[in-house]
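Trainee: Could you take me through one part of this model closely, with the criteria behind each term spelled out as you go?

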Amino acid sequence: MAGLYVHVPFCAGRCPYCDFASTTDLSLIPAYLEAVKREVETSPDFGVFDTLYFGGGTPGILPEQEMETLFGVLRSRFCFSRDAEVTVEMNPECVTKRRVVFLRSLGVNRLSIGIQSLNDDELRFLGRRHTARQALEAVFRAHDAGCANISADLICGFDGQTILSWTDTLSRLVGEPVSHLSAYQLTVKEGTPFGNMRDKGQLCLLSEDEEAAFFEATCGFFRQAGWTHYEVSNYCRGPQYACRHNILYWRHQPYLGIGPSAASFDGRRRWRNAEDVSDYCRLVEEKGSGRISEECLTDEQLHLEKVALALRTAEGVAEESVSDTARTRRALEHLEKEGIVSRRAGRIVPTEKGFLLADGLPLLLLD
């Protein structure tokens, strides 16, 4: 089955590292909802959706009436499996018991909370609008309101952070009712405040060796904690808590994206919507779609993508999916010898060391 992603671009403020399509102009919400309704009506048929993911922006910032309207629009047009995973991203300041109970009444069964750190100095550096205490209180409130599947987003590997402070954040969260953690290393993008600071020499970036040390410390921490490391940056308390929506991406399955900047993939074609909210609304009004680009992938492109995505996961890739040439056989033997991949039950699986090199593995295993 396919997955449905809905991009909600509204935020209370912009973080200095963020390059996602978002706006603080909440007056655009009515126009956004009208455009989403129109796009949904004209969207292609993807069959039954097994996952529904509201990303942003901060979807949790939508008022209750608007959120209810959005759910109604989606359910009037699309079909969902009986046990569909339904995720809403929220920031700690949006998490109230009332809001969580309301979301659960709409069918939400998974929350992803943007915590980023449990160190107040680090939170200030990252431009976050909550404290460590408020972040933990948000987790408690969500759990007390009946949400049994809580994920937290975290950022590591930036100037001023130490491995000790990072693992302290991890240990405090693992001891709480959190079932999933996404641990991303800070990436500085062009056009963001952090990007401008970097260009002016005002932001110190970690070396590759320092970034690797953070990643290895993260892997070691979760290994000792008994958690499952199922994708390069994602960990869960048990396989049942792995994010089904993200797994769908990594398995190269179809997904439909609705809203500004949202991307879609039907198994052969890929298309993307305009990022700017006003541009998106205008395009939808004019032609029923917010698309600004579309491509039809060749068999070779599809195969390369499928292998590349699989090599980012603990599932790995089937041996028959990689090239069977003298060069790739030698490469595979070397990767095994160096402890970068292992072979299990007919699959090539990256090790923790292999996860560090995941982006380069397809180049070695495909001609």
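Mentor: What follows is a close look at one helix pair and at a residue in the loop that leads to it. This is a predicted model, in which local features need pLDDT of at least 70 and side-chain atom pairs count only at pLDDT 80 or more, while totals for chains, interfaces and linings use all residues. Residues are numbered from 1 along each chain as its sequence is written, and side-chain values use heavy atoms, leaving out hydrogens and water.

Helix α1 (residues 29-42) packs with helix α2 (residues 64-77) at an angle of about 10 degrees, their axes being 9 Å apart; helices here are DSSP runs of H or I with at least four residues, strands are runs of E with at least two, and both are numbered from the N terminus. The axes are lines fitted to C-alpha atoms over the stretch in contact, with angles running from 0 to 180 degrees between N-to-C directions. The two helices are therefore roughly parallel, a term for angles under 35 degrees. On α1 the contact (heavy atoms within 4.5 Å) is made by I29, Y32, L33, V36, K37, V40 and E41, and on α2 by E66, L70, V73, L74 and R77. These residues divide into 8 nonpolar, no polar and 4 charged, where Ala, Val, Leu, Ile, Met, Phe, Trp, Tyr, Cys and Pro count as nonpolar, Asp, Glu, Lys and Arg as charged, and the others, including Gly, as polar.

P63 lies in the loop between β2 (48-56) and α2, and beyond its neighbours within four places in sequence it is in contact with I29 and R99. At 34% relative accessibility P63 is partly exposed, that is, between buried (under 20%) and exposed (over 50%), using a 1.4 Å probe and protein chains only.

Conventions:
Angles under 35 degrees count as roughly parallel, over 145 as roughly antiparallel, 65 to 115 as roughly perpendicular and the rest as oblique.
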